Structure formats: structure tokens, C-alpha cells
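This report is for a reader who is new to the structure shown below. It starts with the chain as a whole and then turns to single strands, spaces and residues.

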Amino acid sequence: MLCLSAVRFCLSRFRGFLGDFGSLGNFLEPALTRCKLFYINKICSIWEFAPGILYYKQALESQHGVTLRDDGSLKKENVYCMRRILGLLLAVVAIGGSALAADEYKIDPNHSSVNFSVTHLMVSTVNGRFSAFEGKILFDDKDVTKSSVNVTIKTASINTDNTSRDTDLRSPGFFDADKFPEITFQSKSVEKKGGDYVAHGTLTIKGVAKDVDLPFQLKGPVDAGRMGKVMGAHAALTVNRQDFGVAKAPGMVGNEVKIDLNVEAHLPPPAPASGK
């Protein structure tokens with residue numbers, strides 16, 4: 001009975017692991033049941049005094065509508081299911097391995113900036129910035145297509161060095177910061193173009209999501225000793241504020257908004273080994 005318990009425990013743990021992948025667990029459930037029946041038959045062929053095990057096997061067969069020949073050998077369909085399990089597990093491992101290959105750099109807001117500029121009355125330029133933001137860069141130097149960029153900006157942190165104007169920019173006519181507290185960029189893919197890069201992704205402002213191409217230059221990464229690895233990036237793009245519903249004062253404030261990003265991002269050094 002100890003061996004049977006071990007088999008049941010291992011299969012239940014495996015089923016729990018597959019449950020984390022949603023429908024994958026349901027897809028493989030019949031194959032798991034066949035595996036369990038296979039090992040139960042093996043045990044019964046060794047211990048003839050195991051009627052309880054036989055009863056458990058019959059209950060499983062009745063519940064799941066599967067059978068196993070008395071000699072305990074797997075049918076062709078069972079072999080096929082076993083191959084499916086192994087193939088899907090290898091795919092999961094491969095996906096996990098590719099994700100781990102990219103280094104995760106965290107944006108340092110103390111050494112980074114999110115700036116913008118827009119024309120006023122078509123004769124002057126107003127400059128502003130967002131002071132609260134965070135993000136990360138997954139960078140794979142061997143295959144840049146496995147890299148990604150994610151940035152979140154706190155809308156209410158807008159600052160043009162004019163209190164009255166900043167309050168107006170946070171209002172529903174412009175960014176509506178209370179209702180839409182974040183501006184986000186989420187890359188879908190990254191490619192290298194010449195010596196520079198382009199992140200293709202989704203920019204969301206005021207609840208409106210638009211696909212944009214974000215060209216950027218990369219410097220580094222370099223080894224900064226105890227600070228770990230550091231990289232720098234500069235990106236710039238122009239968007240039409242009307243496309244995102246930031247629509248107030250169209251004749252007074254220009255529609256084309258230039259966005260300029262300067263980023264410093266850090267990859268922490270590996271944690272010291274335990275006991276050192």
C-alpha cells in the first residue's frame with residue numbers, strides 16, 4: 001500500500017501543477033487516469049492480496065470510462081497520451097527557459113525622466129513632465145526579439161511648473177486623472193533596426209489604447225559593481241492628443257504632443273550565497 005500511496009501522491013501533485021495552466025489540466029486528465037491504472041495493475045500483479053487496490057482500479061475505470069488490459073500493458077491510445085504529456089511538458093520547459101534567458105532591468109525613476117512638449121497659441125512651446133512612473137525592460141542580448149518594455153506613468157504627477165495649468169490638465173477635459181490614474185505602454189514585440197531598436201506596442205491614455213511604434217537607442221549594459229548591471233535608453237515619439245480623448249482647448253493647445261523618454265535601468269547583482 002505504501003507504493004500505491006506514493007503513486008497516487010505523485011500523480012496528484014502532477015495534476016495540481018497542470019491545474020495552474022487552466023485547460024491544459026483538463027486536456028491531460030484522461031491520460032493521467034490511464035497512468036494511474038497502469039501502475040495499479042503493476043502493483044496488483046505483484047501483490048495478489050490486494051483486493052482493495054483492485055476495487056480502487058475498478059472504480060477509476062467506471063468513473064472515467066477507460067480500461068486497461070489485465071496484463072497491465074498500455075494500449076496504443078495510452079502510449080499516444082503519454083507522448084502528449086511529455087511533448088507538452090517539454091514545451092512548457094522551453095517557454096520557461098526562453099523567459100529566463102532575458103535579464104529584467106528595473107527603471108530607476110531617480111535617474112530617468114518622462115518629458116513632453118506641446119505648442120501654445122501656435123507660437124510658443126510648453127514643456128512638462130511626469131514625475132511618478134515605474135517600469136521594467138526585459139533584455140535578451142542574444143535575441144532581441146525576446147525582449148520587452150513595460151512602463152506605467154501616474155497621470156496625476158503631471159507637472160508644467162504652473163499650479164493652475166496642472167490642475168486643469170488633471171481635469172476631465174484633458175487627462176481626467178481621477179478616473180484614469182495611469183498611462184501605460186506595453187510592448188508586443190521588439191526589433192533591431194540598424195544600430196537602434198523599435199518597440200511595437202500599445203500606448204493607453206485616458207482609457208484609449210492605440211498601437212504605436214516606439215523607436216529607441218540603447219546604451220550598455222555596463223557592470224556598475226555593487227549596483228549590478230546598468231543600461232540607458234532614449235526614446236521619442238509624437239502622438240495626437242485628440243486620438244486619446246485629451247481634447248480640451250483645440251485652438252489654444254496644439255494637437256501634436258512630443259514625448260521624450262530618458263531611462264536608466266538596473267539589473268541587481270545576484271544575491272550572495274547563503275552563509276556568505
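## Strand pairing

Two strands count as a pair if DSSP finds at least two bridges between them. Strand β4, residues 133–139, and strand β5 run antiparallel and are joined by six bridges. Within this pairing, Phe133 stands opposite Ile153 of β5.

Strand β5 is also joined to strand β7, residues 182–193, by five bridges, and these two strands run antiparallel. Here Thr152 stands opposite Thr184 of β7. Strand β5 itself covers residues 148–154, and six of its seven residues are buried.

## The chain as a whole

The model is predicted. Its protein chain has five helices and eleven strands. Of the 276 residues in the chain, 37% are buried.

The accessible surface of the protein chain is about 16600 Å², and carbon and sulfur atoms account for 58% of it. Contacts can also be sorted by how far apart the two residues are in sequence. Among contacts between residues at least 6 apart in sequence, 56% join residues at least 24 apart.

## Thr152 in strand β5

Is Thr152 buried or exposed? Buried means under 20% relative accessible area. Thr152 has a relative accessible area of 18%, so Thr152 is buried.

Thr152 is placed in strand β5. Leaving aside neighbours within four places in sequence, Thr152 is in contact with Phe133, Glu134, Glu182, Ile183 and Thr184. One of these, Phe133, stands opposite Ile153 in β5, and another, Thr184, stands opposite Thr152 itself.

## Ser187 in strand β7

Ser187 lies in strand β7. Ser187 is buried because its relative accessible area is 8%, and buried means under 20%.

Which residues does Ser187 contact, leaving aside its neighbours within four places in sequence? They are Ser148, Val149, Asn150, Ala199, His200 and Gly201. For Val149 there is a distance to add: its backbone nitrogen lies 2.8 Å from a polar atom of the Ser187 side chain.

## Pocket and cavities

How much space lies in the largest pocket? The volume is about 810 Å³. The largest pocket is lined by 45 residues, and those nearest its centre are Phe116, Phe130, Phe175, Val257 and Ile259. Strand β2, residues 113–120, gives the largest share of this lining, with six residues.

There are three cavities of 30 Å³ or more. The largest cavity holds about 60 Å³ of space. Its lining is made up of Ile137, Phe139, Val144, Ser147, Ser148, Val149, Val190, Tyr197, Phe216 and Leu218. Strands β4, β5 and β9 (208–223) are the elements that each give two or more residues to this lining. Two names in the lining, Ser148 and Val149, also appear among the contacts of Ser187.

## Asn255 in a loop

Asn255 is in the loop between β10 (229–240) and β11 (256–267). Partly exposed covers the range between under 20% and over 50% relative accessible area. Asn255 has 27% relative accessibility, so Asn255 counts as partly exposed.

Leaving aside neighbours within four places in sequence, Asn255 is in contact with Val239, Asn240, Arg241 and Gln242. Gln242 is 13 residues from Asn255 along the chain, and the C-alpha atoms of the two are separated by 6.4 Å. The side chains of Asn255 and Gln242 make a polar contact at 3.0 Å.

## Lys229 in strand β10

Lys229 lies in strand β10. At 39% relative accessibility, Lys229 counts as partly exposed.

With neighbours within four places in sequence left aside, the contacts of Lys229 are Tyr105, Val222, Ala265, His266 and Leu267. How far apart in space are Lys229 and Pro269, C-alpha to C-alpha? They are 7.1 Å apart, with their positions 40 residues apart in sequence.

Notes. Residues numbered from 1 in each chain as written. Predicted model: local features only at pLDDT ≥ 70, side-chain atom pairs only at ≥ 80, totals over all residues. Heavy atoms only, no water. Buried < 20%, exposed > 50% of the residue type's maximum accessible area, 1.4 Å probe, protein only. Helix = DSSP H or I, 4+ residues; strand = E, 2+ residues; numbered from the N terminus. Contact = heavy atoms within 4.5 Å. Areas by Shrake-Rupley, 256 points an atom, 1.4 Å probe, with all protein chains shown as cover. Polar contact = N/O pair within 3.5 Å; in protein donor to acceptor, adjacent residues only side chain to side chain. 1 Å grid on protein atoms, 1.4 Å probe; cavity = no way out; pocket = protein on both sides within 12 Å on 5 of 7 lines; lining within 4 Å. Points joined across faces, edges and corners; volume = space filled by probe spheres on them.
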